[in-house]
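Subject: Structure handover

Hello,

Here is the structure for you to take over. Please open it next to this email and follow along.

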Amino acid sequence: MRRRFLLFLFLIVLVFALFYKSPFSAMYNYNKAKALYTQGQYEQAIPYFERSLFADPRGILARFYYVLTLSKAKPVYSVQKKLYDMANSKINDEASKYAKVQLMYMKYNLLDGIENNYIYNASMGNDILRWDIKSFPLKVYFDNPTLVPDYYVSSIKNAMIQWTNHTNFVKFSIINEPSQADIYISFKDIQKDACENGVCKYAVAYTEPEISKDKILKKMNLTFYKTNPRGENFSAREVFNTALHELGHTLGIMGHSENPNDVMYSIKESDYMLDFFKSEDQALSARDLKTLVLLYRIEPTISNTKNQHSETFYYAPLVLGNDDLRLQKKLDEYRKYIQLYPHMASGYINLASVYGDLGDFDSALKALNDAEARANTTDERYLVLYNKAITYYNKQEITKALECAQKAQSIKDDNNVRDLISDIENLNK
Ligand SMILES: [Zn+2]
C-alpha cells in the first residue's frame with residue numbers, strides 16, 4: 001500500500017515537471033500571456049510569461065514581450081526588480097537591451113519631482129538605513145539636560161519642529177524613559193586637546209547609529225558638547241543649526257551633501273564657525289527634503305523593525321545602481337571629505353569601511369592607520385581599533401585581530417567588541 005502510494009506521488013511529480021519544462025508548456029503559457037498582454041492585462045500576463053520562461057529560459061519572443069509587459073505594468077517593487085534583473089540578465093539579446101532603456105524610464109518616472117537629491121551620499125555603504133515609517137513618532141530622550149543652559153534643549157526641539165513641518169511624515173515625541181529611546185541625546189565635555197597652536201578643531205555635536213549584528217537599528221546617539229574648547233557655551237543659533245543637521249543623520253541620512261546650500265552639507269574646517277553656525281538660522285533645502293523622502297521610499301536593509309517589505313517600496317539597485325557603482329561613489333565622497341577635513345579621523349574611518357566592503361583590506365588598514373594618527377577622542381580610538389580588528393579578522397590574521405579587539409575592549413567594553421572577540425576566538429578553534 002505504502003509503496004504504491006509513493007509511486008503514485010512520483011508519477012505526479014514527473015508528469016508535473018514534464019509539463020512545466022516542456023516546449024509545449026513554454027508555448028502554451030506564452031500564448032496565454034501574449035493574449036493577456038494584447039488585452040492590456042499586464043499584471044495578469046506576468047506570471048504566464050514567467051511560466052513560459054521557466055520552461056524555456058531563452059525563448060526570444062517570451063523574453064521580449066515579458067520586458068514590454070513589465071515596462072507597461074504598474075511599477076511596484078516586484079516589477080522594478082524583475083525589470084532590473086532582465087536589464088542585467090546574462091543573456092545578451094534584444095530583450096535585455098530594451099529592458100535597460102525601459103529601466104531608465106521607470107527610474108525617471110519614479111523619481112519624478114524628487115530627482116534633485118543626494119541619495120548616493122545618504123546611503124551607508126551598500127546599506128539603506130532608516131526607521132520604519134510606521135514607528136513614527138520617534139521617541140527622543142534627553143539625558144541630563146540640566147548640564148546645559150535651557151535654550152540648548154529648546155533649540156534642539158525647534159530643529160525637530162522644522163523637520164516635522166517641512167516633511168509631514170517625520171514626527172518626534174519626547175519621553176522620560178531612557179531605555180525606550182530611538183534618539184538618545186546627551187551632553188558631554190569637550191576633549192581638552194581640541195586646540196593646537198592656537199587653532200581649535202572641534203565639532204558641536206555628532207551622531208552615532210547603534211546597530212545590532214543582525215542589522216537592527218537599535219537607536220541613534222546624538223551627543224552635543226556642552227561648550228567650545230574655550231569653555232564658552234554655544235549660542236542658541238549654533239545649537240539650532242547643528243541640531244537641524246544632526247537630526248538629518250538620526251533620520252538615516254548617513255553622509256553629506258556636496259552642495260553648500262543644503263543643511264546636510266559638510267562644512268569646511270576653515271569656515272566652520274564663521275558662516276554656517278553663526279550667520280543665521282538654517283532652513284532645510286528642497287534637496288535635503290527630497291533626499292529624505294526618497295530615502296523613505298527605498299526598501300531599507302537596516303531598520304528598527306525586521307524584514308520590512310512593501311510593494312510600494314523602491315528597489316534600491318534601481319535607484320542607486322549596482323553595489324560596485326555605489327561603493328565607487330562612496331569612495332569619491334569620502335575622499336572629498338578627507339580633502340575638506342584632513343585632520344578628522346572620521347573621514348579615514350569611513351574610507352576604510354568602503355575599502356573593507358570592496359575587499360581591499362590592505363587599503364582599509366592604511367586608511368585606519370591614517371585615522372589612528374588623527375584620533376583624539378576615546379570614541380575615535382575605540383572605533384579605529386575595533387575596525388582594525390574586523391579588517392584583520394577578514395584577512396584571517398587571528399593574532400593581530402585579537403590584539404586590536406582587546407585594545408578596543410580596554411577603551412570601551414561593550415557588546416559589539418565582546419561579540420567580535422568571541423567570533424575571533426571561534427575562528428581560532
Ligand atoms: Zn554631518
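Below are the notes on the chain as a whole, the strands, the zinc site and two buried residues.

This is a predicted model, where local features need pLDDT of at least 70, side-chain atom pairs count only at pLDDT 80 or more, and totals for chains, interfaces and linings use all residues. Residues are numbered from 1 along each chain as its sequence is written, and side-chain values use heavy atoms, with hydrogens and water left out.

Overall picture

The protein chain has 18 helices and 7 strands. Both are DSSP runs, numbered from the N terminus: helices are H or I with at least four residues, strands are E with at least two. The chain has 429 residues, and 48% of them count as buried. Buried means under 20% relative accessible area, with a 1.4 Å probe and protein chains only. The accessible surface is about 22,100 Å². Carbon and sulfur atoms hold 53% of that surface. These areas come from the Shrake-Rupley method with a 1.4 Å probe; for residues, only the protein chains shown count as cover. Take the contacts between residues at least 6 apart in sequence: 67% of them join residues at least 24 apart. A contact means heavy atoms within 4.5 Å.

Strands

Start with β1, residues 138-142. In this strand 4 of the 5 residues are buried, so β1 is largely enclosed by the rest of the structure. It runs parallel to β2 (residues 172-174), joined by 3 bridges. Strands count as paired if DSSP finds at least two bridges between them. Lys139 stands opposite Ser173 in β2. Between the two strands the chain passes through helix α8 (residues 150-167), and this β-α-β crossover is right-handed. That means that, with the strands pointing away from the viewer, the path from the first strand over the helix to the second runs clockwise. β1 also pairs with β3 (residues 183-188), again in the parallel sense and over 3 bridges. There, Val140 has Ile183 as its bridge partner.

β6 (residues 205-211) and β7 (residues 217-225) are antiparallel, with 7 bridges. Pro209 is partnered by Met220 in β7. The two strands form a hairpin with 5 residues between them. In the turn, Lys215 has a positive phi of about 60°.

Zinc site

Which residues are the protein donors of the zinc ion? They are His245, His249 and His256, each through NE2, lying 2.0 to 2.1 Å from the ion. Donors here are N, O and S atoms within 2.8 Å of the metal (3.2 Å for Na, K and Ca); water is not among the atoms, so sites may look incomplete. The sequence spacing is H-x3-H-x6-H. His245 and His249 sit in helix α9 (residues 236-250), 4 residues apart, about one turn of the helix. Both His245 and His249 are buried.

Two buried residues

Thr167 belongs to helix α8. Its relative accessibility is 10%, so Thr167 counts as buried. Its side chain reaches the backbone nitrogen of Val170 at 3.1 Å. Leaving out residues up to four places away in sequence, Thr167 touches Leu289 and Leu292.

Ile298 lies in the loop between α11 (286-295) and α12 (316-320). It is buried, at a relative accessible area of 0%. With the same sequence neighbours left out, Ile298 touches residues including Ile119, Arg130 and Tyr314. Ile128 is another of its contacts. Ile128 and Ile298 are 170 residues apart along the chain, yet their C-alpha atoms are separated by 7.6 Å.

Best wishes

Technical notes: Buried < 20%, exposed > 50% of the residue type's maximum accessible area, 1.4 Å probe, protein only. Polar contact = N/O pair within 3.5 Å; in protein donor to acceptor, adjacent residues only side chain to side chain.
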